[in-house]
Amino acid sequence: MRGVYTTSIKISALAAAKTLAYLTAPADKVVEILSASVTDASNETNEQLECALQRITTLGTPTGTTLTFAKHEAGDQAAGTTGKGNITASEPTYTADTELGREGHSTLGGWYFNPIPEERPTLGGQLSMGLRMLATPAAFDAIAKITFREIG
């Protein structure tokens with residue numbers, strides 16, 4: 001499918017409830033979230049956690065690692081979407097009651113958000129959405145991944 005991209009980031013020794021990654025749609029396109037996941041790369045302990053995607057009210061200037069986006073098709077242009085992962089300071093402000101895919105999960109099993117087409121969230125006009133760890137984990141190596149499509 002044209003215009004599909006995936007970004008992932010490994011967060012070593014994650015031990016805080018925080019934004020794992022966020023995306024900001026370009027001004028001239030709509031971004032459709034196709035899937036997202038949080039998995040355990042270290043497999044050190046099994047614990048119950050909670051994750052969700054959530055709409056951002058005010059992005060501010062979070063401190064984190066700039067995300068790169070892998071094209072699913074070689075002929076696609078570079079993604080116009082921007083984002084950061086492993087936010088370490090200046091957390092975004094989230095819109096209340098906009099959690100999507102909010103689920104408890106085992107660290108060994110991971111968290112997966114794979115909505116059917118009618119349930120896929122969209123972002124337009126420079127709006128942002130974050131992938132959040134809502135529970136404070138014992139330290140583990142997390143891999144956060146988001147796959148999306150740019151439309152327009």
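A residue is called buried when its relative accessible area is under 20%, exposed when that value is over 50%, and partly exposed in between. These terms are applied below to a predicted model, beginning with the chain as a whole and continuing with selected residues.

The secondary structure of the protein chain consists of twelve strands and zero helices. Read from the N terminus, the order of elements is accordingly β-β-β-β-β-β-β-β-β-β-β-β. The radius of gyration of the chain is 15 Å, which agrees with the value near 15 Å that a compact globule of 152 residues would have. Along the principal axes, the C-alpha atoms fill a box of roughly 45 × 30 × 30 Å.

Of the 152 residues in the chain, 45% count as buried. The accessible surface amounts to about 7,200 Å², and carbon and sulfur atoms contribute 48% of this area. Contacts were also examined by separation along the sequence: among those joining residues at least 6 apart, 88% link residues that are at least 24 apart. With regard to charge, the chain carries 12 positive and 16 negative side chains, and a distance of 7 Å separates the centres of the two sets.

A search of the whole structure yields seven salt bridges. One of them is formed by E150 and K29, whose closest N and O atoms are 3.6 Å apart. E150 belongs to strand β12 (residues 140-151), whereas K29 is found in the loop between β2 (19-24) and β3 (30-40); the pair therefore ties together parts that are 121 residues apart in sequence. Both partners, E150 and K29, are buried.

A salt bridge also joins the side chains of R120 and E32, with an N to O distance of 3.9 Å. Because R120 lies in the loop between β9 (111-113) and β10 (122-124) and E32 lies in strand β3, this pair connects parts that are 88 residues apart in sequence. The two partners fall into separate accessibility classes. R120 has a relative accessibility of 25% and so counts as partly exposed, while E32, with a relative accessible area of 8%, is buried.

In a further salt bridge, R102 is paired with E50, the closest N and O atoms being 2.4 Å apart. R102 is located in strand β8 and E50 in strand β4 (residues 48-58), so the pair ties together parts that are 52 residues apart in sequence. R102 is partly exposed, as its relative accessible area is 46%. E50 is likewise partly exposed, with a relative accessible area of 24%. In addition, R2, E73 and D76 are linked in a network of salt bridges.

Strand β8 (residues 93-106) also contains H105. The relative accessibility of H105 is 6%, and the residue therefore counts as buried. When neighbours within four places in sequence are left aside, H105 is in contact with E47, Q48, L49, E50, C51, G110 and W111. E50 thus appears in two settings, as a contact of H105 and as the salt-bridge partner of R102.

Key
Residues are numbered from 1 along each chain as its sequence is written. This is a predicted model: local features need pLDDT of at least 70, side-chain atom pairs count only at pLDDT 80 or more; totals for chains, interfaces and linings use all residues. Side-chain values use heavy atoms; hydrogens and water are left out. Helices (H or I, at least four residues) and strands (E, at least two) are DSSP runs, numbered from the N terminus. The radius of gyration is taken over C-alpha atoms; the globule rule is 2.2 Å times the number of residues to the power 0.38. Buried means under 20% relative accessible area, exposed over 50%, partly exposed in between (1.4 Å probe, protein chains only). Contact means heavy atoms within 4.5 Å. Accessible areas come from the Shrake-Rupley method with a 1.4 Å probe; for residues, only the protein chains shown count as cover. Lys and Arg count as positive and Asp and Glu as negative; His and the chain ends are not counted. The place of a charge is taken as NZ of Lys, CZ of Arg, CG of Asp or CD of Glu. A salt bridge is a side-chain nitrogen of Lys or Arg within 4 Å of a carboxyl oxygen of Asp or Glu.
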